[in-house]
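I opened the notebook with three things to look up: a patch on the surface, one residue's surroundings, and the nonpolar core.

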Amino acid sequence: MNKQSDLSKFMLLWVGELISAIGGGLTSFGLGVYVFDQTGSAASMALVTLLAFLPTLLLSVPAGVLADRYDRRLLMMLGDGCSALGILCILLCMMRGKATLWQICIGVFLSATFSALLEPSYRATVTDLLTKEEYSKASGLVSLAGSARYLISPVVAGALLAVSDIKLLLVIDICTFFPTVFAAAFVRKGIARKVTEHQDSFLDSLRQGWQAVTGDRGILILITVSAVLTCFMGTFQILAQPLILDFADSTTLGIGETVCASGMLVSSLFLGARGIRRGYVKKLCLSLLVSGFGMVGFGLWENIYPICLFGALFFAALPFANNCLDYLVRVNIPDELQGRTWGSIGLLSQIGYVAAYGAAGAITDGIAARSRISIGRGAAWVIMAAGVLLGLTALLLYSFRSVKMLEGGAKC
């Protein structure tokens, strides 16, 4: 059945997510610098990131089922609005003195628990609002909004930290939650809820979403590749800050992260304007190879200029990989299973983040201690090793015929 596009509502929702992503990036940057200054440990930074991410992973599947059973826009409003509570808790602790590591962990865990409601509902709403022909461009715009936390937030946060402290960043972040709530409320008025005559049980819905992913070998391989990609992305995300802070200050770190993320901006703008029309598997493998090469170059020198160059290359390739992965999966999943399926996909693909957040920091600290090198150089070695493995993954992926068949085997 053909459906009508509602691009204007998608753009309104996208603007809200863009603003929210910038605010989240301010908090992420500020807490990273704060924890590293307090502990001098990459493992402590990784612990905060892990606890901020873990609820999203654990709740992604039930949140996806809820996105199919209840009002998706209402879930987005509740998720984004209530997630401000965790950041508020951290702010209150800092206003009373110094926030300890465990207080920060509790705050980010609480915020992430509510945010877990957001992602499957947002993904499924994109499908509700747009036509199949618009999916690729929409994916580019979604990547662009996500890149804001790396492109805009670091340089703004670095400048603000030079004249103020982290409390200002947290206040700004809390304020940015509300545009998404208002946008979702407006979009909600124009979309009728889908009424299902016979509603499956919660467990049946979970099972259907799981089977939609695991029942197709090509999709399952893509999700496995996504897990590998998120593992290496998580490694890069965790270790880039201690690598740079080992020889530079927070202002240089902010500028460096922004320059690196400019690669994602260029790619996301291109994809938002042009999209990808064919050759998704080839472009996916090529983008993974380029990302791996960028990671290797990122760790070679203790100098901000080559770091920015190779970091920009790494980020420039990511939107192409995500766009291809998103399209190949989305067009092979029936519309009525989108919410619960994206929840299952989120669980499987983002396991890689848990592996990275749980191990990368500890491995880095261990390498630095045993080799008697700095934390920054230990981080560099881990990032380069991850880059080599990512390149090998890209070469392996291209050999799977079941993945190539997804381009011509759309099921919805």
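I looked first for nonpolar side chains on the surface of this predicted model, and I found a nonpolar patch formed by Leu-286, Leu-289, Val-388, Leu-389, Leu-392 and Leu-395, which together have about 560 Å² of accessible area. I then checked which elements give two or more residues to the patch, and these are helix H13 (280-298) and helix H17 (375-397); the largest share, four residues, comes from H17.

From that patch I picked Leu-395, which lies in helix H17. Is Leu-395 buried or exposed? I noted a relative accessibility of 55%, and because the cut-off for exposed is over 50%, Leu-395 counts as exposed.

Next I turned to Ser-402, whose place is in helix H18 (residues 401-404). Its relative accessible area is 16%, so I entered Ser-402 as buried, the limit for that class being under 20%. Leaving out residues up to four places away in sequence, I listed Arg-217, Gly-218 and Ile-221 as the residues that Ser-402 touches. With Arg-217 there is also a polar contact, made between the two side chains at 3.3 Å.

Last, I went to the interior, bearing in mind that nonpolar side chains tend to be buried together in soluble globular proteins. The largest nonpolar core here has 113 residues, and Ile-104, Leu-288 and Phe-298 are those with the most contacts inside it. Helix H11 (residues 217-245) supplies the largest share of this core, 15 residues. For Phe-298 I wrote down contacts beyond four places in sequence, among them Phe-236, Ala-240, Leu-243 and Ile-244, as well as Cys-260, Phe-310 and Ile-383.

Notes: Residues are numbered from 1 along each chain as its sequence is written. This is a predicted model: local features need pLDDT of at least 70, side-chain atom pairs count only at pLDDT 80 or more; totals for chains, interfaces and linings use all residues. Side-chain values use heavy atoms; hydrogens and water are left out. Patches are made of residues with over 30% relative accessible area and no salt bridge: like charges are joined within 9 Å, nonpolar side chains (Val, Leu, Ile, Met, Phe, Trp, Tyr) within 5 Å. Accessible areas come from the Shrake-Rupley method with a 1.4 Å probe; for residues, only the protein chains shown count as cover. A salt bridge is a side-chain nitrogen of Lys or Arg within 4 Å of a carboxyl oxygen of Asp or Glu. Buried means under 20% relative accessible area, exposed over 50%, partly exposed in between (1.4 Å probe, protein chains only). A polar contact is a pair of N or O atoms within 3.5 Å; within protein, one must be able to donate a hydrogen and the other to accept it, and residues adjacent in sequence count only if both atoms are side-chain atoms. Contact means heavy atoms within 4.5 Å. A nonpolar core is a set of buried Ala, Val, Leu, Ile, Met, Phe, Trp, Tyr and Cys residues joined through side-chain atoms within 4.5 Å.
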